[in-house]
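Visitor: I would like a close look at the largest pocket of this protein. What lines it, and which parts of the chain contribute?

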Amino acid sequence: MIRTRFAPSPTGYAHVGNIRTALFAYLVARHAGGKFILRLEDTDKNREVDGADDYILNAVKVLGMPYDEGPDIGGPHAPYRQSQRLETYRVWADKLIASGRAYADPLTAEEIQKFRDEANAAKKPFLYRNHRPTTFDAPADWYGQAALRFRSDPQAYQWHDEVMGDLSAGPEVIDDFVLIKSDGYPTYNFAHVVDDAEMECTHIIRGQEFLPSVPNYLNLYAALDLTPPIMATVPHILNEAGNKKLGKRDGAKDALEYLRDGYLLEALINFIASLGWNDGTEQEIFSLDELIAKFSLERVQKSGARFDEKRLAWMNGQWIKRLDLGELHARTVGCSEGKVVSGQPPNFWGPAGQGASAERQREVLSVVVDRLKTLADLPALSEYFFARPEPNWTMVDENKQLQKIPGPDRLLLLQTAATELAKIESVDWQAENLQNKLNELLEQTNSKPPILFGLIRFALTWAPFSPGLPETCVLLGRDETLARLDIASNQIGK
């Protein structure tokens with residue numbers, strides 16, 4: 001059975017790079033009908049952030065990747081926190097000591113730094129094995145007293161990576177690394193090898209930054225008489241310009257923050273999966289079920305994947321249009337199918353919109369949906385339907401088309417529009433009739449759509465973006481439409 005794992009450190013939030021690694025591991029397991037494991041690698045106590053462990057566990061669940069074994073649900077290889085597995089690492093370390101493949105580090109930090117400085121001055125790579133002791137043993141009380149180092153056996157390696165292909169490295173990159181620190185906690189280099197073996201992980205998917213360490217891992221696997229798992233190295237996620245690894249300033253933020261910013265879960269997962277993977281077709285929109293059915297490591301690219309937030313926004317817009325009106329409305333008020341949507345705010349409507357009925361909200365949503373890129377756009381696109389906005393003539397004065405129109409001409413256009421629209425009775429106040437009347441107004445005033453329609457649109461909404469003018473008038477209703485036109489006209493007159 002294929003068994004994959006996601007093994008984050010609780011040193012902060014789960015950013016996009018972390019979640020992509022988790023998602024790829026999840027998809028590999030689900031595609032094969034295997035198991036997906038979550039393990040917390042919490043041995044670096046100096047960098048650990050309070051509450052980060054629970055936050056990560058919640059984030060993986062919220063993002064739609066339920067795991068089969070983990071710290072909070074247990075499993076056949078519990079515990080799933082490395083800080084609770086210290087005795088396990090000690091047993092494996094003793095095996096290495098007994099076979100002469102591990103020894104207590106006799107050097108102080110100052111001595112090691114001195115050797116490192118000498119190597120740098122000579123422009124040579126620093127290798128600890130060049131300064132290893134002549135005898136290899138460890139006192140009976142070494143645990144918690146001294147660091148334990150691996151006695152490497154430098155040799156050339158060739159291995160296959162499911163993403164990067166056939167790789168190789170010479171003996172010069174292999175060194176004596178620390179297995180267990182003097183505080184009794186294992187290093188990542190040792191603990192993950194032991195845990196992956198005991199938890200029967202078949203596939204190890206991790207970021208490109210770990211690639212240079214693989215020869216050392218292979219050396220350790222051999223010393224422990226373990227068969228290495230299948231390895232897959234995913235490339236870096238790059239910034240939007242594609243010239244460096246994605247950082248916090250470029251968008252490497254908490255993955256759940258995207259949900260709070262109004263992105264749909266479906267769009268976020270779709271986008272993250274596409275960072276370095278495609279199925280070989282022109283398809284761009286994938287449901288989670290489609291991703292599970294089509295995903296394979298062979299289709300993951302070797303080069304870095306550019307993080308394009310504009311593409312994420314486009315993809316989110318596509319997913320918004322895919323939802324039926326009832327489900328979309330449920331998402332805007334923080335629930336889905338009667339359940340609270342974890343990770344997102346309870347409500348995306350503006351202050352006035354939140355006070356409206358669900359029926360009225362759905363009416364407005366049906367008109368603005370085509371312009372929504374994120375749910376966070378909702379107040380700007382809808383608030384004026386629920387409350388009369390304050391006029392903002394600066395918007396008119398800064399408009400490239402309308403700034404050329406003098407005040408008296410603006411007044412005449414608005415007054416004419418109000419007079420003609422008032423001829424439509426309430427019973428006939430429908431989009432088709434309104435569109436016909438607006439077209440007649442263009443001829444009557446000898447005006448152009450950007451000028452006439454733009455001026456009316458500002459007078460009704462005072463918003464930079466709004467739905468089609470007939471649909472806006474229908475939603476506002478006859479009386480409110482005419483009232484807002486009169487208010488704008490009176491202000492120009494004064």
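Guide: Here is a walk through that pocket, followed by a second pocket and a helix pair for context.

The model is predicted. Start with the domains. The assignment gives four entries: domain 1 (3-71 + 238-309), domain 2 (85-234), domain 3 (328-386) and domain 4 (393-491). Keep domains 1 and 2 in mind. The lining of the largest pocket takes at least three residues from each of them.

Now the space itself. The largest pocket holds about 1100 Å³. Its lining is made up of 40 residues. Look towards the centre of the pocket. Ser-9, His-15, Asn-18, Glu-209 and Phe-210 are the lining residues nearest to that point.

Which elements supply two or more residues to this lining? They are strand S1 (3-6), helix H1 (16-31) and strand S8 (203-207). H1 is the top contributor, with five residues.

What about chemistry? By class, the lining of the largest pocket has 16 nonpolar residues, 14 polar ones and 10 charged ones.

Set the second largest pocket beside it. About 290 Å³ of space lies there. The second largest pocket is lined by 14 residues. Closest to its centre are Leu-265, Arg-331, Ser-336, Val-341 and Ser-342. Helix H8 (265-273) and strand S13 (339-340) are the elements that each give this lining two or more residues. Its classes run to seven nonpolar, three polar and four charged residues. Domain 1 (3-71 + 238-309) takes part here too, and the other contributor of at least three residues is domain 3 (328-386). Domain 1 therefore gives at least three residues to the lining of the largest pocket and at least three to that of the second largest pocket.

Finally, leave the pockets for the far end of the numbering. Helix H17 (residues 431-445) packs with helix H19 (residues 469-476). Their axes lie 9 Å apart, and the angle between them is about 125°. Angles over 145 degrees would count as roughly antiparallel, and 65 to 115 as roughly perpendicular. The angle here falls in neither range, so H17 is oblique to H19. The two helices cross with a right-handed sense.

One distance sets the scale between domains. From the C-alpha centre of domain 2 to that of domain 4 is 73 Å.

Key: Residues numbered from 1 in each chain as written. Predicted model: local features only at pLDDT ≥ 70, side-chain atom pairs only at ≥ 80, totals over all residues. Heavy atoms only, no water. 1 Å grid on protein atoms, 1.4 Å probe; cavity = no way out; pocket = protein on both sides within 12 Å on 5 of 7 lines; lining within 4 Å. Points joined across faces, edges and corners; volume = space filled by probe spheres on them. Helix = DSSP H or I, 4+ residues; strand = E, 2+ residues; numbered from the N terminus. Nonpolar A, V, L, I, M, F, W, Y, C, P; charged D, E, K, R; others polar. Domains from an automatic or database assignment. Axes fitted to C-alpha atoms, helices over the stretch in contact; angles between N-to-C directions. Parallel < 35°, antiparallel > 145°, perpendicular 65-115°, else oblique. Left-handed = near helix turned anticlockwise from the far one by under 90°.
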